[in-house]
Amino acid sequence: MKPNDFPKDIQPYLAPTHEGRLVYRCLGCRAEFGIEKLAYVCPKCGQVLLIYDLNFARLKDIPAARWRQIFDYRKMLNVDALKGIYRYHEFIGPVIPTGAVIYLGEGHTPMIEANAALQDKVGVRFYFKNDGQNPSASFKDRGMASALSYINFMVQEGYLSDVLAICASTGDTSAAAALYAAYLPGVKSAVLLPHKKVTPQQLSQPLGSGATVFEIPGVFDDCMKVVEALSENYSVALLNSKNAWRILGQESYSYEIAQDLEYDVSRAVVVLPIGNAGNITAVMSGFIKFYETGIIEALPKIIGVQSEHADPVYRYYLEPDEDRRRFVPVTVRSSVAQAAMIGNPVSMPRVIHLVKRYNELAGEQRTFFVSVSEQNIMDWEILANRNGHIACTHGGESLAGLLEAKKRGIIDRQDIAILDSTAHALKFAGFQELYFEQQFPPDYKISPRRELINIPVYVHPADLDKVSAPGQPLKGKDFEHFVQRTADEISRMLDLKKRGKQP
Ligand SMILES: *Cc1c(COP(=O)(O)O)cnc(C)c1O
Ligand SMILES: [Zn+2]
């Protein structure tokens, strides 16, 4: 719809006008810094940062009902810059002019309700929110749209030129970073991946986008240290979730859930995997902002899920006494939730800060952490996909986490769970293959369940000596024989009934 065709009272709000005053704020010493410079950690104390809008209170001048209208009407607006995560511009990047926004189709991923059979099995009403349907097939695109729009803005303002963007990655960050960087002239990208610890699909993505790809022996945590050393000593733009702009963009996940549930999230339970903990940081932060402006009237429950093979956040919260909690990084073991195979999450201080605030605002505990076995992750991923989903292993982890949460009494009868399937199933198809071919190396501790295995059946009847090959098609009688015998064989295997005469 054209802006002039919208109701008169909504027209002044369609394009964002709120003037944000964004600052980095240190979670350690509370110091604040301007955003005209790239910053990842506090120059005073080295702690991680979050971005705050000093004018945030002004958003409360607009009534909640009006905000809901604004977002709902913006759905009908044909302005590229406001089609993705920046539908919520005032909350995500109010200093970014719409002319600097990079939109590649990210955000507004669908929530798909599980069918009755699967809901019966799980015993909870639930949806998958398919973040694999983002442009590079993971939720990382939300954060990159924000981080690269910011870099674009900085280049346009003359604060930056000839940017080299770098990141360490368990695969999906590099795919998203390379994609968005490739779109921007003047921005080059380099990515560091743990050698043999990303899937072939994930490796193909930054290569295809033209990034310089370095493979480093070790695991993600080792790559992260190298990237940190580079960003401390050289002029590069760090695109890991240490970069607080990533967090802002990823808040869109919460805003979309709120909007898709018509802003009633009182019964919602958001379940998501935790790796470097940027995503859960963003999800909490997003709901808090909508709650503080009254756009939602309750804070949903949030359940963070970790694999037993990489569960430092879960372990931290095992200690009920807040004052006695100590964060201890873990040494990770092989995990099918490979993008979350992180032993020392960069955003841990953000999680600690926001979990406390979230529960204080809610007036009760609304954040929970569970850990799940590799076996359950795989079994539930496969079961989900056999019921019409496109969940990746981390989507399986979310579902396994929902079951664990139910077992522990965290889920109430009327709750509606929204499970983050953080990437597309195809990125992690290799794990499905290991399962179906019963080839999992022992360190995963996964034994495939017979009834879930599915492998192709090769059809070549023994008496069929002539078959076609590329460039050598069968002809005449030979071809008829091939078709007939193969069809017979398949009908025998499927036990098909002969069709009656057509009336
Ligand atoms: C990055 C990633 C995660 C982990 O998210 P964090 O923000 O690092 O906690 C989970 N799943 C997939 C598919 C990812 O790419
Ligand atoms: Zn500080």
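In the predicted model, a network of salt bridges links Lys129, Asp131, Arg142 and Glu256. The total number of salt bridges counted in the structure is 28.

One of these pairs is formed by Lys242 and Glu228, whose closest N and O atoms are 2.5 Å apart. Lys242 is located in the loop between β9 (237-238) and α9 (244-250), whereas Glu228 belongs to helix α8 (residues 220-233), so the salt bridge ties together parts that are 14 residues apart in sequence. Both partners are covered. Lys242 has a relative accessible area of 11% and is therefore buried, the cut-off being under 20%. Glu228 is likewise classed as buried, with a relative accessibility of 11%.

Lys301 takes part in two salt bridges, one with Asp412 and one with Asp415. In the pair with Asp412, the N to O distance is 3.2 Å. Asp412 lies in the loop between α15 (393-407) and β13 (416-421) and Lys301 in strand β11 (residues 301-307), so this contact ties together parts that are 111 residues apart in sequence. In the pair with Asp415, the closest N and O atoms are 2.8 Å apart. This pair also links distant parts of the chain, as Asp415 sits in the loop between α15 and β13 and Lys301 in strand β11, 114 residues apart. The three residues were assessed for burial. Lys301 counts as buried at 6% relative accessibility, and Asp415 is buried with a relative accessible area of 3%. Asp412, at 38% relative accessibility, is partly exposed, because this value falls between the limits of 20% for buried and 50% for exposed.

Helix α14 (residues 374-385) was examined for length and for packing. Its 12 residues, at 1.5 Å a residue, should span 16 Å, and the end C-alpha atoms are 17 Å apart, which agrees with the expected value. The helix is mostly covered, with 10 of its 12 residues buried. The buried positions of α14 are Glu374, Gln375, Ile377, Met378, Asp379, Trp380, Glu381, Ile382, Leu383 and Ala384. These buried residues of α14 pack against the helices α4 (116-122), α15 and α16 (429-436), and against the strands β5 (125-130), β11 and β12 (367-372). Strand β11, one of the elements in this packing, is also the strand that contains Lys301.

Key
Residues are numbered from 1 along each chain as its sequence is written. Chains are lettered from A and ligands numbered from 1 in the order in which they are written. This is a predicted model: local features need pLDDT of at least 70, side-chain atom pairs count only at pLDDT 80 or more; totals for chains, interfaces and linings use all residues. Side-chain values use heavy atoms; hydrogens and water are left out. A salt bridge is a side-chain nitrogen of Lys or Arg within 4 Å of a carboxyl oxygen of Asp or Glu. Helices (H or I, at least four residues) and strands (E, at least two) are DSSP runs, numbered from the N terminus. Buried means under 20% relative accessible area, exposed over 50%, partly exposed in between (1.4 Å probe, protein chains only). The expected span of a helix is 1.5 Å times one less than its number of residues. Contact means heavy atoms within 4.5 Å.
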